Amino acid sequence: GGEGNGEGAAEVATHTEVGDGEVLFHVVMDDGDEEDLEQYEVDEALAIWRSTAEGVRTLRAEASAAESAWLLAERERRRAAHRARGLDGVVPPMSAIQIYKRHCEAATGERAASSGVAAEVAELLRREYATLSEEERRPFERRAERDMHRYQRQRRWKRKVHAAERKRAAAAALSANAGAAGGEGA
């Protein structure tokens, strides 16, 4: 790759907080060169890379693989949340940024909460999400919309179930009262 022209591949090996919330990202280039970059430099490099054909192909392939992994992880997360909340719990809907966070976690294979720097990672993800174009945000927004519909369906169903349970309980109480009243008069 060429110096400063966005060619070549690179990987962020580590990041370090250097004070006042500033973070340096240690980047290893595909040619073996290493460099510490500030957030804006990483953001600029990502923007340039996303605009290349290779970047688009890679993002689409990663998105497809990450989507499959995300769907499996999300299904298991919902099952675990449902078990943890009991049978009557409805898992709240996720926002687009929450879905983007899960997507990034699936793509990297790491959970932000387990990294020990959850607040910093969350802020970096919010900044990264803010830099996405409308087209790049659209899949996350569509998933958030679908999740809101899921939540609303489950809430409606739960209200119906609870109403039916209350109706059965009221009918059972009336029946018990009628039986007790009939037994007193005999």
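1. Let me start with a pair that is easy to find: Arg77 and Glu74 sit three residues apart, about one turn of the helix, and both belong to helix H2, residues 53-85. The two form a salt bridge, with the closest N and O atoms 2.5 Å apart. Please keep in mind throughout that this is a predicted model.

2. How does burial compare within that pair? Glu74 has a relative accessible area of 3%, so Glu74 is buried. Arg77 has 23% relative accessibility and therefore counts as partly exposed, since the partly exposed class begins where the buried class, under 20%, ends.

3. Glu74 has another partner worth a look. Its side chain also meets that of Arg102 in a salt bridge, at 3.0 Å from N to O. Here the contact joins distant parts of the chain: Arg102 is in helix H3, Glu74 is in helix H2, and 28 residues separate them. Arg102 and Glu74 are both buried.

4. Taken together, these contacts make a network of salt bridges that links Glu74, Arg77 and Arg102. If you are looking through the charged contacts in the viewer, Glu74 is a handy place to begin, with Arg77 as one partner and Arg102 as another.

5. Helix H3 holds a further pair. Glu105 and Lys101 are both in this helix, four residues apart, which is about one turn, and their side chains meet in a salt bridge at 2.8 Å, N to O. Glu105 is buried because its relative accessible area is 8%, whereas Lys101, at 25% relative accessibility, counts as partly exposed. For the whole model the count comes to six salt bridges, and the ones described here are among them.

6. Now the overall layout. The chain has five helices and three strands, and from the N terminus on the order is β-β-β-α-α-α-α-α. Of its 186 residues, 19% count as buried.

7. Which residues make up the largest nonpolar core? There are twelve: Trp70, Met94, Ala96, Ile99, Tyr100, Cys104, Val121, Leu125, Tyr129, Leu132, Phe140 and Ala144. Two or more residues of this core come from each of helix H3 (96-108), helix H4 (118-131) and helix H5 (134-184). H3 gives the largest share, four residues. As background, nonpolar side chains in soluble globular proteins tend to be buried together.

8. The surface has a patch of negative charge, where Asp30, Asp31, Asp33, Glu34, Glu35 and Asp36 gather. One of these, Asp36, is found in strand E3, residues 34-38. With 45% relative accessibility, Asp36 counts as partly exposed, because exposed residues need over 50%.

9. There is also a positive surface patch, formed by Arg153, Arg155, Arg156, Arg159 and Lys160. Arg156 lies in helix H5, a helix that also gives residues to the largest nonpolar core. Arg156 has 43% relative accessibility and so counts as partly exposed.

10. A short recap for your own pass through the model: the network of Glu74, Arg77 and Arg102, the Glu105 and Lys101 pair in helix H3, the twelve-residue nonpolar core, and the two charged patches, one negative, with Asp36 among its members, and one positive, with Arg156 among its members.

Methods: Residues numbered from 1 in each chain as written. Predicted model: local features only at pLDDT ≥ 70, side-chain atom pairs only at ≥ 80, totals over all residues. Heavy atoms only, no water. Patch = residues over 30% accessible without salt bridge, like charges linked within 9 Å, V, L, I, M, F, W, Y side chains within 5 Å. Areas by Shrake-Rupley, 256 points an atom, 1.4 Å probe, with all protein chains shown as cover. Salt bridge = Lys/Arg side-chain N within 4 Å of Asp/Glu carboxyl O. Lys, Arg positive; Asp, Glu negative; His and termini not counted. Charge placed at Lys NZ, Arg CZ, Asp CG, Glu CD. Buried < 20%, exposed > 50% of the residue type's maximum accessible area, 1.4 Å probe, protein only. Core = buried A, V, L, I, M, F, W, Y, C linked by side-chain atoms within 4.5 Å.
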